[in-house]
Structures are given as structure tokens and as C-alpha cells.
Amino acid sequence: MDHNRTPLFTALTEHAAKRPIQFHIPGHKKGAGSDPEFRSFIGDNALSIDLINIAPLDDLHQPTGVILEAQKLAADAFGADYTVFSVQGTSGAIMTMIMSVVGEGDKIIVPRNVHKSILSAIIFSGAKPIFLSPVRDTNLGIDHGVTTSSVRKALGRHPDAKAVLVINPTYYGVCADLKEIVELVHSYDIPVLVDEAHGALIHFHDELPISAMKAGADMAATSVHKLGGSMTQSSILNVQGPRVNQRRIQTIISMLTTTSTSYLLLASLDTSRRKLALHGKQMAEHSIRLAQYARSKINEIPGLYCFGEDILGTEATFAYDPTKVTVHIRHLGITGYDVENWLRDRYNIEIELSDMYNILCLVTPADTQENVDILLEALAVLASEHTGNEANELVIKIPEIPQLSLTPRDAFYGDTELVPFKESAGRIMAEFIYVYPPGIPILLPGEVISQENIDYIVEHLEVGLPVKGPEDRTIENVKVIVETKPIF
């Protein structure tokens with residue numbers, strides 16, 4: 001296919017060049033009705049292609065023209081049979097792939113350390129999650145993915161599962177043997193769904209982990225906006241093979257998608273696909289080179305550690321994405337949240353995420369040697385200012401995964417009451433509590449709250465980490481399932 005073409009973006013610019021008289025939404029009419037300051041900042045070019053699904057521009061809900069052409073080009077670029085664009089982010093793509101294969105009461109095998117969008121889809125569909133425990137790294141204080149062994153055990157106990165979902169790579173860039181897992185699951189004739197939110201580049205370079213499509217997975221939700229250059233909230237869902245129904249997928253994503261789809265987001269997907277298809281290997285090569293340079297220099301700084309190939313060799317650490325630069329900082333006696341704020345205040349550096357023990361920096365094709373050197377300078381100064389703090393080194397604490405007592409749907413829609421969070425041990429949770437980023441729930445609807453969970457969450461709150469989820473944003477109170485009083 002000719003990847004120099006951008007059928008959707010070209011159609012938008014050609015339509016705008018005709019300067020049609022618009023009697024349709026959006027009401028700003030090519031920027032004329034916009035706030036002047038906003039218009040000046042955004043620019044008339046962007047506003048001129050902020051359009052809607054009129055005939056020349058196709059319709060994302062039932063594409064037959066330029067959007068369909070753009071999606072076919074994307075499928076070719078990512079090695080899929082069929083690709084669907086999402087303007088609801090990767091969360092929308094993830095919910096689509098889950099809800100297209102499971103329904104009320106169906107089992108789906110998923111890692112426990114999944115993004116909240118996966119659990120939202122499970123609640124909406126009424127599916128029953130069969131949780132796999134991720135492999136915990138007690139040295140770094142993070143969870144990796146699931147192993148082939150754990151998937152094999154789950155399939156042995158639940159051969160009637162409708163799907164298996166895998167994260168590849170994890171937020172921190174670590175992968176299990178995806179190809180082996182896919183082959184195992186397919187031996188049961190069950191589809192494999194992949195959360196590939198952080199893998200937009202992996203399809204384009206052999207030194208990166210294998211992509212979901214190359215591994216033979218049936219569906220993969222891929223965040224082009226995270227690493228592939230498109231605008232925030234634009235993503236794709238890649239599909240292949242006979243185990244999933246393409247028409248069903250289109251129906252579900254249409255149900256979950258606004259009818260006022262953003263053509264700016266769609267155009268950015270179309271053009272980013274062009275760049276990835278034509279220059280993806282060079283883009284990935286640039287990112288890898290810079291990230292490996294940063295990794296080697298960080299490991300020369302006393303008190304800091306950035307894992308690389310040394311992490312490989314186990315079932316859960318089969319491969320890793322070097323462009324995810326995870327800096328372990330607990331030996332400095334401070335939290336990742338402290339480091340995030342320090343970098344912002346002292347060096348005007350913003351990072352991807354912080355947790356209690358690490359910070360994560362993403363190195364993308366847009367980064368430069370200068371940017372990376374500023375980060376390295378900042379980290380060296382940070383470490384020098386905390387030399388001698390080894391006595392205050394943080395002790396890694398990772399709470400046990402709570403017991404699931406009710407299905408997430410039954411708990412979320414159940415009869416609930418508010419109770420003080422610090423007094424909620426033993427009760428069944430009816431809402432989410434998670435740290436975002438990365439958006440992985442510490443507690444989710446249907447799980448039994450333990451005192452260990454409470455202490456862990458309170459500690460995160462006290463150091464200032466972004467704990468979110470409950471309706472009570474202070475997290476002083478949480479919604480739990482009402483307990484039925486015994487009758488005597």
C-alpha cells in the first residue's frame with residue numbers, strides 16, 4: 001500500500017480550502033465564533049478542519065470512504081487484518097475489545113494489575129473476571145506481567161473462559177513471552193486481547209518487544225498518541241483472525257463513541273500512521289539510542305538504579321522496552337513523588353509518573369540529546385543533595401491482592417452505604433481506589449478491604465501521591481456493600 005497517502009487528512013484540507021459556507025456544527029464556524037485569544041493560539045488551520053461527519057468526510061461510526069481508507073492503511077502499517085480508529089482514547093478501544101467478546105456471566109482471564117478501563121468494561125458487560133496475580137518485583141516495588149505458567153493454570157481451571165487479556169508491555173516496559181501465551185490460549189480456541197497502550201513503537205523495530213499482531217493476538221488496543229505522535233485521546237484497535245467478529249467490534253465501538261467525532265484527532269492518526277509506516281524504524285532507533293544512553297549514565301550516579309537487560313531471564317521478564325526509563329530512587333531516602341516535585345520545581349522537568357520508589361521517564365522520537373542531558377544533570381544534582389541518606393532508605397511495601405467476594409458489576413450496582421475509610425476493614429468495596437498514573441486499582445468493586453490495603457493507601461495519601469476513584473475525593477469515606485443484619 002502507498003503509505004505516503006493520507007486520505008482523511010487530505011480530504012479535510014481540500015474541503016477546508018474550498019471555504020464552504022457552513023450551516024452545521026461546530027458553532028465556531030472555522031474559528032470565526034471562537035474566543036479570540038484561543039483562536040490566535042490554536043490557529044485558523046486547526047479550526048478549519050474541526051469538522052463533522054458530512055458526506056465528503058465520511059463517518060467514523062460506519063466508514064465507507066476516506067476514514068475507511070485511512071483505517072486500511074493503518075491495518076497494513078500495524079500488521080492487522082482490520083483497524084478501527086478511536087477518539088475515546090485507548091480506554092475506549094480496550095472497552096470495545098472486551099465488550100465485543102464477553103457478556104453477562106462470561107469469564108475473562110485478566111491480570112489483576114490492569115488499567116481501570118478494563119475493569120470498567122467488565123462492569124459494563126457483566127463479565128466475571130478470573131484474576132491472575134502479576135509477578136511482583138520486590139526489589140523495584142512494581143508489578144510485572146503474568147506468566148505462561150499462570151495462564152496455563154487458569155485455562156486448566158476455566159477452559160470455558162471467553163477471552164484472555166494480557167498487558168504487553170507493562171507501563172514500566174516489561175513483557176512476558178507474548179507469543180508463547182498466544183499459542184497456549186489459541187490451543188483452547190480462545191481469543192487473546194492485548195492492552196498495548198504503551199507499545200505504539202514496538203511493531204516497527206526488532207530490538208523492541210514483539211507486538212501483539214506479530215505474536216498472533218486477536219485484538220490489541222494501541223495508544224498511538226502515547227508514543228506514536230498523534231494527538232492526545234487518539235488511538236487504534238488492531239484486529240486479526242477468525243476468533244473475533246469484526247461487525248460486532250464496529251457495533252460496540254460505535255456504541256461507546258461520541259457521534260461528534262473529532263476530525264482533528266482522526267487526522268492526527270492518519271498522518272501519524274504515515275510517519276510510522278515510512279519512518280517507524282528510524283523513529284524507534286532514535287528513541288532506543290537516547291534511552292540507552294540515559295540508562296547507562298543514570299547507573300553511574302550513586303544512589304540511582306535504572307534497570308535494563310539485567311532484569312531479563314524470568315518468565316515475567318522475557319523482554320523489555322528500553323525507551324521506558326524507570327529510575328529507582330528509594331536508596332536516596334525519598335519517594336518518587338518527592339523527586340517528581342523536585343524535578344518540576346528545580347529544572348522545569350515533567351515526568352510520566354512517580355510511585356513510592358520510582359520515577360518513569362518516557363523517551364520518544366521527539367526527544368533530543370539536549371533534553372536527556374538536562375535530565376541527567378538534574379538527577380546527578382538530586383543524588384548529590386541526598387548523599388548519606390541511606391539510613392532513611394524506604395522499605396518496599398506491596399500489599400497482598402484483595403479477595404474478590406462479588407463480581408465487580410454486582411458490587412458497583414449493589415446496595416451501598418458510606419463508611420469511614422479507616423474503619424472499613426472487612427467490608428466489600430463498591431467503588432475504585434487507584435493511583436493515576438498508572439491507573440491500576442488498589443481496590444476495586446467486589447473486593448474485601450483489608451487493614452493492609454487501608455494502611456497502604458493512607459501512606460500514599462500522606463506523601464501526596466494522586467490517589468483517586470471514590471466519590472468522596474478526600475477518601476475519608478468510601479462506598480461499601482450494605483451488610484444484611486442477622487435475624488434472631
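The legends below walk through several close-up views of this predicted model.

**View 1. The chain is divided into three domains.**
Let's start with the overall layout. The domain assignment places domain 1 at residues 7–277, domain 2 at residues 281–386 and domain 3 at residues 408–481. Taken over C-alpha atoms, the centres of domain 1 and domain 2 are 27 Å apart. How many residues does each of these two domains bring to the contact? Domain 1 supplies 29 residues and domain 2 supplies 30 residues.

**View 2. Strand E1 is a mostly covered strand that pairs with strand E10.**
Strand E1 spans residues 82–86, and five of its five residues are buried. Follow the side chains along E1: Tyr82, Val84 and Ser86 point one way, while Thr83 and Phe85 point the other way. Buried here stands for a relative accessible area under 20%. The partner strand, E10, covers residues 235–239, and E1 and E10 pair in the antiparallel sense over five bridges. To find your place in this pairing, look for threonine 83, which stands opposite asparagine 238 in E10.

**View 3. Strand E9 pairs with strand E8 and also with strand E10.**
Which residues cover the two sides of E9, residues 219–222? Met219 and Ala221 lie on one side, Ala220 and Thr222 lie on the other, and all are buried. With strand E8 (residues 192–196), E9 pairs in the parallel sense over four bridges. With E10, E9 runs antiparallel, and four bridges join the two strands. Methionine 219 is a handy landmark for both pairings: methionine 219 is the bridge partner of leucine 193, and valine 239 in E10 is the bridge partner of methionine 219.

**View 4. Helices H7 and H8 come within 10 Å of each other, axis to axis.**
Two packed helices are described by the angle between their axes and the distance between the axes. Here the helices are H7 (residues 148–157) and H8 (residues 178–186), and their axes cross at roughly 10 degrees. Angles under 35 degrees count as roughly parallel, and H7 and H8 are therefore roughly parallel to each other. On the H7 side, the contact is made by Thr148, Val151, Arg152 and Leu155. On the H8 side, the contact is made by Glu180, Ile181, Leu184 and Val185. What kinds of residues make up this contact? They divide into five nonpolar, one polar and two charged.

**View 5. Four strands form an open antiparallel sheet, with a helix packed on it.**
Reading across the sheet, the order of the strands is E11-E13-E15-E14. The edges are strand E11 (305–306) and strand E14 (353–354), each of which pairs on one side only. Helix H13, residues 336–347, packs on the sheet and touches E14 and E15. The direction of H13 makes about 50 degrees with that of E15. Strand E13 (residues 324–328) pairs with strand E15 (residues 358–362) over five bridges in the antiparallel sense. Within this pair, valine 325 stands opposite cysteine 361 in E15.

**View 6. Two peptide bonds leading into prolines are cis.**
One of these bonds runs from isoleucine 25 to proline 26, with omega near 5 degrees. Where does proline 26 lie? Proline 26 is in the loop between helix H1 (7–17) and helix H2 (36–42). Another cis bond joins asparagine 168 and proline 169, with omega about -10 degrees. Proline 169 belongs to the loop between strand E6 (163–167) and strand E7 (174–175).

**View 7. Arginine 19 and aspartate 58 have positive phi values.**
Neither residue is a glycine: phi is near 50 degrees at arginine 19 and near 70 degrees at aspartate 58. Arginine 19 lies in the loop between H1 and H2, while aspartate 58 is found in the loop between helix H3 (44–48) and helix H4 (66–78). Which of the two labels, buried or exposed, fits arginine 19? With 65% relative accessibility, arginine 19 counts as exposed. Aspartate 58, at 7%, counts as buried.

**View 8. Glutamate 370 sits in helix H14.**
Helix H14 covers residues 369–385. Glutamate 370 has a relative accessible area of 58%, so this residue is exposed. Now look for glycine 105, which is 265 residues away from glutamate 370 along the chain. The C-alpha atoms of these two residues are separated by 53 Å.

Conventions:
Residues are numbered from 1 along each chain as its sequence is written. This is a predicted model: local features need pLDDT of at least 70, side-chain atom pairs count only at pLDDT 80 or more; totals for chains, interfaces and linings use all residues. Side-chain values use heavy atoms; hydrogens and water are left out. Axes are lines fitted to C-alpha atoms, for helices over the stretch in contact, and angles run from 0 to 180 degrees between N-to-C directions. Angles under 35 degrees count as roughly parallel, over 145 as roughly antiparallel, 65 to 115 as roughly perpendicular and the rest as oblique. Contact means heavy atoms within 4.5 Å. Ala, Val, Leu, Ile, Met, Phe, Trp, Tyr, Cys and Pro count as nonpolar, Asp, Glu, Lys and Arg as charged, and the others, Gly among them, as polar. Buried means under 20% relative accessible area, exposed over 50%, partly exposed in between (1.4 Å probe, protein chains only). Two strands pair if DSSP finds at least two bridges between them. Domain bounds come from an automatic or database domain assignment.
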